[in-house]
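Visitor: I'd like to go through this structure with you, a few questions at a time. Shall we take a look?

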Amino acid sequence: MLLRWKFLHCYRDPFLTPMARDLDASPTQIAAALTTAILIAAALAPAAGRWLDARGGRGLMTAGSILAVVAVLAWSRVESVWQLYATFAAIGVSCAMVLYEAAFAVIVAWYGSDQKSRAGALLALTIVAGFASAIFIPLTGLLVDAYGWRQALIALALLYGLSAIPLHLFVLRRPAVAHTPAAAENRAEIFQAAVRRRPFWLLVIAFTANGGAVATIAVVLVTYLIHLGHSPVLAATLAGLLGVLSVTGRLITTGLQTRLPAALIAAAIFSLQGVAALLLPVVGRSAAGAIGCVLAFGLGFGIASITLPHLLVARYGTAAYATLSGRIAVFSVADKALAPLGAVALAQVVGYPPVMAAVAAVCAIAAGALVTYHPHIIRFTSNQGVVSWPLPQALSAARRSPASRSPRPTRRRQRCC
């Protein structure tokens, strides 16, 4: 239902050379425009999250889709580098309004406490996004070859606008909870309680570290495989498998979450990614070794996108989901933009094996943070047994109830925060 505008992330291959030539700019200057857009999206993520929690996604995502269409049409007319950066600044604003974080917030609000339906909807969205690269990279290349990069952008902008704007405007519904001072106060209370406690920052560490590791591999994999002696065709084919493997990993993770804790599933897969990155310099010169490492790393390529919503809702509920997710996105999205730049610079100085070692270390940090986070999942014993107890309900119940002033509820509230 909600389409991720993924061709923005895939423009570099078909567009980079002809655009650099027409604008009389270096490929680095052109590619840096995308980094600028991602950093702007990261900076605006908290504001977008607060809006989504308060007013839902219809207005924000419709406006973001319109802005995206206008920005890409303007991109097709740029004549200088500064104009390119101005259009990508607008694209960055639209990304904060319409991409994964916003779409996930809409799905979480739509299904509320229906965990099974919510998991299915998140999986469906990420599967569509996982195959977007396989569709839009070839499509963009064909359009550029046939009509040039400017006309290709016009076609892509119109395709996106005709599909996304009506869906956002007419399908999305208003949030079930009214935009009232009491609701806003409750969201602020949940957010402040969360960010003052260790578990939230463990999630920040885990998903920021994983995002940087995944982005780094996505950028350097083809170059490194060629450096190891493989043909460009094999290197590109293995890199292309990452998108398909991300779908496989998401399917496996969603199935396992019904039987095992989501944090431990993600920790195990992040650890597998670290092992794969560490082994790639050792066994990657053979085709079998390279394929095995790419397969192992690729299984975890997209699981963060479906694991984080599950963990946030399980602990904090849905009332402030987008606000909390937006705060995490400040760190994780920015790291996705900056980590590959650092990795490329490091590779030029000391080579690729230290880069792979750094990726492995970061994956270990992400896994360790989730293993540490897992015991913090709040539970209490009721007459029916052990059940989940999300933080917002615990806080609200404790503060509204006259009994919350007694020593026992106070101790329970301190544990759950």
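Visitor: Is G161 buried or exposed?
Guide: Keep in mind that this is a predicted model. G161 sits in helix α8, which spans residues 149-171. Its relative accessible area is 10%, and the cut-off for buried is under 20%. So G161 counts as buried.

Visitor: Which residues does G161 touch, leaving out those up to four places away in sequence?
Guide: One partner is far off along the chain: V69 is 92 residues from G161, yet their C-alpha atoms are separated by 5.9 Å. There is one more name to add. The contacts of G161 are V69 and P166.

Visitor: How much of the chain is buried, then?
Guide: The chain has 18 helices and two strands. It runs to 417 residues, and the buried share of them is 50%.

Visitor: And of the contacts with a separation of 6 or more, what share comes from residues 24 or more positions apart?
Guide: The pair G161 and V69 is an example of such a long separation, at 92 residues along the chain. Over the chain, the share from residues 24 or more positions apart is 79%.

Visitor: Let's move to α10. At what angle do α10 and α11 pack?
Guide: α10 covers residues 198-227 and α11 covers residues 232-256, with their axes 9 Å apart. The crossing is right-handed. As for the packing angle, it is about 145°.

Visitor: How many nonpolar residues are in the contact of α10 with α11?
Guide: On the α10 side there are L221, V222, L225 and I226, and they meet P232, A235, A236, L238, A239 and L242 in α11. By class, there are no polar and no charged residues in this contact, and the nonpolar count is 10.

Visitor: How many charged residues are in the contact of α10 with α15?
Guide: α15 is made of residues 321-350, and its axis comes within 7 Å of that of α10, crossing at roughly 35°. This crossing is right-handed. By class, the contact has 16 nonpolar and five polar residues, and the charged ones number three.

Visitor: T208 is in α10 too. Is T208 buried or exposed?
Guide: T208 touches F331, S332 and D335, not counting residues up to four places away in sequence. Its relative accessible area is 15%, and under 20% is what it takes to be buried. T208 is therefore buried.

Visitor: What about M356: what is its relative accessible area?
Guide: M356 is found in helix α16, residues 352-373. Leaving aside neighbours within four places in sequence, M356 is in contact with I217, V220, Y224, A277, L278, L280 and P281. M356 is buried, and its relative accessible area is 1%.

Visitor: How far apart are the C-alpha atoms of M356 and A343?
Guide: Along the chain, M356 and A343 are 13 residues apart. In space, their C-alpha atoms are separated by 9.1 Å.

Visitor: I see I217, A277 and L280 among the contacts of M356. What is the volume of the second largest cavity, which they help to line?
Guide: The lining is I217, L221, L242, A276, A277, L280, C293, V294 and F297. α10, α12 (262-283) and α13 (287-298) each supply at least two of these residues. By class, the lining has nine nonpolar, no polar and no charged residues. The volume is about 50 Å³.

Visitor: How many cavities of 30 Å³ or more are there?
Guide: The largest has a volume of about 90 Å³, and the second largest about 50 Å³. The full count is three.

Visitor: Which helix supplies the largest share of the lining of the largest cavity?
Guide: The lining is made up of Q115, R118, A119, L122, L123, T254, Q257, I306, P309 and H310. By class, that gives five nonpolar, four polar and one charged residues. α6 (115-130) and α14 (303-316) each supply at least two. The largest share, five residues, comes from α6.

Visitor: Last one: what is phi of D24 near?
Guide: D24 lies in the loop between α1 (12-23) and α2 (27-55). At 73% relative accessibility, D24 counts as exposed. Most residues other than glycine have a negative phi. D24 has a positive value, near 55°.

Conventions
Residues numbered from 1 in each chain as written. Predicted model: local features only at pLDDT ≥ 70, side-chain atom pairs only at ≥ 80, totals over all residues. Heavy atoms only, no water. Axes fitted to C-alpha atoms, helices over the stretch in contact; angles between N-to-C directions. Helix = DSSP H or I, 4+ residues; strand = E, 2+ residues; numbered from the N terminus. Left-handed = near helix turned anticlockwise from the far one by under 90°. Contact = heavy atoms within 4.5 Å. Nonpolar A, V, L, I, M, F, W, Y, C, P; charged D, E, K, R; others polar. 1 Å grid on protein atoms, 1.4 Å probe; cavity = no way out; pocket = protein on both sides within 12 Å on 5 of 7 lines; lining within 4 Å. Points joined across faces, edges and corners; volume = space filled by probe spheres on them. Buried < 20%, exposed > 50% of the residue type's maximum accessible area, 1.4 Å probe, protein only.
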